[in-house]
Amino acid sequence: MSKLAGKVAVVTGASKGIGAAIARALAAEGAKVVVNYASSKAGADAVVETITAAGGKAIAVQGDVSKAEQAQGLIDAAIKEFGRLDVLVNNSGVYEFGAIDEITEEHYHRQFNVNVLGLLLTTQAAVKHIGEGGSIINISSVVTSMAPPATAVYAGTKGAVDAINSVLANELGPRKIRVNAILPGIIETEGTHSIGVIGSDLEHTTVAQTPLGRIGQPDDIARIAVFLASDDAGWLTGERLTAAGGFR
Ligand SMILES: NC(=O)c1ccc[n+]([C@@H]2O[C@H](COP(=O)([O-])OP(=O)(O)OC[C@H]3O[C@@H](n4cnc5c(N)ncnc54)[C@H](OP(=O)(O)O)[C@@H]3O)[C@@H](O)[C@H]2O)c1
């Protein structure tokens with residue numbers, strides 16, 4: 001029996017990287033999936049195609065999660081297409097590095113708007129529909145404990161995500177909605193390729209300090225998301241699962 005049969009999931013930022021892998025993995029366990037994207041329609045359509053070719057159900061929905069109307073529109077589209085909502089994965093995120101003297105208002109707002117405000121707005125829209133047994137999964141990062149130089153703003157967003165995760169677990173627990181965070185280490189994605197993390201000294205020093213001896217792949221995180229979305233994790237809420245091959 002598929003672990004997520006009958007459930008409906010929204011995955012934000014699922015046109016590529018970690019979000020795309022999570023969308024595919026949730027669908028493989030029987031969930032109907034809404035694949036959100038901001039600008040990469042082709043990427044989101046490809047994820048939907050992969051899911052439907054394997055016999056699953058998915059739709060792609062454009063929406064900038066940092067805009068209240070669009071976050072609401074994303075959730076409305078899920079309800080319109082599939083009639084219910086059980087799982088929300090707040091994965092959309094942007095990361096830009098910059099030392100303290102390089103921080104600008106734009107650098108700050110770009111990251112806080114998507115990583116923090118977007119998560120709040122999407123969750124606000126989603127909890128109007130998620131009922132008992134629902135699961136919210138927030139994608140945070142080990143960056144908060146790793147604390148590499150020149151990541152003050154990005155790490156600040158993920159510290160906020162961790163705090164929000166704890167608060168919402170308490171707030172939504174009485175409604176039997178679970179809220180958990182996954183804190184990935186470095187994962188090979190389109191995003192980490194484009195900002196030059198892959199192949200960098202940061203990657204090499206991280207691998208050297210990682211007991212399992214490699215960086216992560218999106219599927220490493222997707223399997224954990226399936227677990228947290230499923231009833232197997234029914235006694236977990238407010239948790240922050242570090243997923244980094246043993247790297248701390
Ligand atoms: N990769 C890592 O090493 C790593 C480690 C720890 C945590 N994380 C976290 O994991 C998440 C995914 O990272 P990734 O590496 O997979 O990123 P990625 O490859 O850059 O993909 C980012 C995704 O977020 C979407 N997105 C960006 N802005 C958005 C907005 N305003 N509204 C809706 N969607 C938006 C993008 O959509 P479009 O393509 O349509 O723009 C894309 O689907 C992020 O929260 C990141 O902070 C990543």
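This is a short dialogue on how to read the fold, the surface and the salt bridges of a predicted model.

Visitor: What kind of model is this, and how are its residues numbered?

Guide: The model is predicted, so local features need pLDDT of at least 70 and side-chain atom pairs count only at pLDDT 80 or more, while totals for chains, interfaces and linings use all residues. Residues are numbered from 1 along each chain as its sequence is written, and side-chain values use heavy atoms, with hydrogens and water left out.

Visitor: How many helices and strands are in the protein chain?

Guide: Helices (H or I, at least four residues) and strands (E, at least two) are DSSP runs, numbered from the N terminus. In the protein chain there are nine helices and seven strands. With a radius of gyration of 17 Å, close to the 18 Å that the globule rule gives for 248 residues, the chain is as compact as a globular protein of that length; the radius is taken over C-alpha atoms, and the rule is 2.2 Å times the number of residues to the power 0.38.

Visitor: What share of the residues is buried?

Guide: Buried means under 20% relative accessible area, exposed over 50%, and partly exposed in between, using a 1.4 Å probe and protein chains only. Of the 248 residues in the protein chain, 49% are buried.

Visitor: How many salt bridges are there?

Guide: A salt bridge is a side-chain nitrogen of Lys or Arg within 4 Å of a carboxyl oxygen of Asp or Glu, and by this rule the count comes to seven. One of them joins the side chains of D45 and K41, at 2.7 Å from N to O; both residues lie in helix α2 (residues 41-53), four residues apart, about one turn of the helix. D45 counts as partly exposed at 27% relative accessibility, and K41 counts as partly exposed at 45%.

Visitor: Where do E96 and R110 lie in the chain?

Guide: The side chains of E96 and R110 meet in a salt bridge at 2.5 Å, N to O. This pair links distant parts of the chain, with E96 in the loop between β4 (87-90) and α4 (105-126) and R110 in helix α4, 14 residues apart.

Visitor: Which residues are joined into one network by salt bridges that share partners?

Guide: R223 and D220, both in helix α9 (residues 218-229) and three residues apart, meet in a salt bridge at 3.0 Å, N to O. Salt bridges that share partners join R214, D220 and R223 into one network.
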